[in-house]
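Please load the model in a viewer and keep the selection panel at hand. The stops below are given in the order in which they may be selected.

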Amino acid sequence: MERFRNLISEERLRRSLVLFAGNSNPPLASSIGAHLGLPVEFPVDSFPDKESNVRLTSNIGKADVIVIQSTSYPQEKNIIDAQLIGDAAIRAGVKNTIVVVPYFGYARQDKKSQPKEPISASVIIRDLAMYFNRIVTVDLHSSSITTAFNGPWDELTALPILSNAIRQDVNKDNLVVSPDKGGTERAMEFTKLLRLKNTEPVTVYKRRDPSIKGVSKALGLMGEVRKKDCIIVDDMIDTAGTITNAARLLMKNGARSVRVVATHGLFSGDALDLIDNSPIDHIVIADTVPRSDKVLLNPKIKIVSVAPIIARAIRLNHARKPLSEDPTLYPET
Ligand code: R5P
C-alpha cells in the first residue's frame, strides 16, 4: 500500500473511489481492498426464491465505482450480479463504472469452432458493456476477445507473480513448456521472466476430440526435454486433462521432473484426482477463482495472489496514469 500513497491522498481516495464486489470470490475482493486501504461492500443478497437482491449503501456520488466479480461458476449468476451492481450505480448517478473480472468465464468460446455455434465471449462482453465503461481482466484465454468491447480494456498478467513464486528453485536445467500451440507466446514470455537465457520453450502438440467436450490428447513434442526439469505454463487448469497428458508425455520423453504454473485453477470434475495420480510434482496457481477446501488442502498446489497487481491497476486508472509504463504490472523482460 505504501507505494500508492504518493499518487493521491487516502482521504481523497476514499471519497472518489468506491469498491463493490459480487459473491464470486470474497477473499480476493477483500484482499484487493486491503491493498488499496479501502473497504469493500458486498451488496448482493438473495430473495426467498433465490433471485439476487442488490442494494448499495456506500456513498457513491461522483466516485469511480469498481465492481469486482469473477465470472466463474455459477457463471450466469455471477454475470448478472455484476450487471445489477453496475445498474444500481448508474441509476445513482455514477458516470465511471469499471468491472474487474479476475477470471473471465466464457473466454474460451471466442470463435465458432463449428457451424451454428454462438460466439459466447462476445455475448458476455456485450452484456457487461451495457453497465461498465472499462473492463479489467487477468490472463484472458485469448486477448482477441477484447475487440468486442468499444472501450478501454486493461488486460493484466499474473506471469510475473507466478515466476517470482518459483524463481528460487530455477536453474539451467529448467525448461518452459507450452501444453499447446496457442500457449507458445505465453511460454516465451515466461522463459524471459525466469531469465532462462538461450532456452527456447518446448511446445506440446495437443488435439481436442471434437466429439467429446473437454477431452484432449497430447500427441507429440516440438523440442528436446531429455534430463530437463520442465515447467508447464498455461492460462488455466480446468479438467486438468491438458497438463496431466502433457506431463506424462514429457516424462515418457526423458524429462527429469514436471511442475506447472497456471493463472486460473478451476479444477472441474476429477481434476484433483488426475493431478494426484500424475507425474506432476507441484502446481502454482493464482487466486482468481475461489478456492475449495480440497484445493487449499492439496499438498501439490500452492496459491499466490493477484490482489497486488489488480489494486495497482485500479489505483493507476483512478489517477488517470498509464498502466503500460508501470514496471510492477509489466516488468521489463
Ligand atoms: C486451452 O487452450 C487452454 O489454454 C487450457 O490448456 C485448457 O483450457 C485447459 O483445460 P483442461 O484442464 O480441461 O485440459
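Begin with strand E6 (residues 96–101) and strand E7 (residues 134–138), which run parallel and are joined by four bridges. The model is a predicted one. Within this pair, select valine 99: the residue opposite, in E7, is isoleucine 135.

Next, extend the selection to the whole sheet. Six strands make up this open sheet, and their order is E2-E1-E5-E6-E7-E8, with parallel pairing. Which strands stand at the edges? They are strand E2 (40–41) and strand E8 (153–156); each has a single partner strand, so one side of each is left without a neighbour in the sheet.

Now add helix H10 (307–318). H10 lies across strand E1 (17–21), strand E5 (64–68), E6, E7 and E8. Relative to E8, H10 runs at about 150°.

The nonpolar interior is the next stop. In soluble globular proteins, nonpolar side chains tend to be buried together. In this model the largest nonpolar core has 46 residues, and Ile32, Leu156 and Phe190 are those with the most contacts inside it. H10 gives the most to this core, contributing seven residues. Select isoleucine 32 to examine its surroundings: leaving aside neighbours within four places in sequence, isoleucine 32 is in contact with Ile68, Ala307, Ile310, Ala311 and Ile314. A second core, separate from the largest, comprises 28 residues, including Ala218, Ile243, Ala255 and Ile283.

Proceed to helix H5 (residues 159–166). How many of the eight residues of H5 are buried? Seven are, and the helix is thus mostly covered. Select Leu159, Pro160, Ile161, Leu162, Ser163, Ala165 and Ile166 to display the buried residues of H5. Their packing partners include three helices and strands worth colouring separately: helix H6 (184–193), strand E12 (229–237) and helix H10 (307–318) are among them. Strand E13 (257–265), strand E14 (280–286) and strand E15 (301–304) also pack against the buried residues of H5.

The last stop is serine 178, in strand E9 (residues 174–178). Is serine 178 buried or exposed? Serine 178 is buried, with a relative accessible area of 0%. Its side chain reaches the backbone oxygen of aspartate 180 at 2.5 Å. To show what surrounds serine 178, select Gly183, Thr184, Ala187, Val202, Thr203, Val204 and Val233, which serine 178 touches when residues up to four places away in sequence are not counted.

Notes: Residues are numbered from 1 along each chain as its sequence is written. This is a predicted model: local features need pLDDT of at least 70, side-chain atom pairs count only at pLDDT 80 or more; totals for chains, interfaces and linings use all residues. Side-chain values use heavy atoms; hydrogens and water are left out. Helices (H or I, at least four residues) and strands (E, at least two) are DSSP runs, numbered from the N terminus. Buried means under 20% relative accessible area, exposed over 50%, partly exposed in between (1.4 Å probe, protein chains only). A polar contact is a pair of N or O atoms within 3.5 Å; within protein, one must be able to donate a hydrogen and the other to accept it, and residues adjacent in sequence count only if both atoms are side-chain atoms. Contact means heavy atoms within 4.5 Å. Two strands pair if DSSP finds at least two bridges between them. Axes are lines fitted to C-alpha atoms, for helices over the stretch in contact, and angles run from 0 to 180 degrees between N-to-C directions. A nonpolar core is a set of buried Ala, Val, Leu, Ile, Met, Phe, Trp, Tyr and Cys residues joined through side-chain atoms within 4.5 Å.
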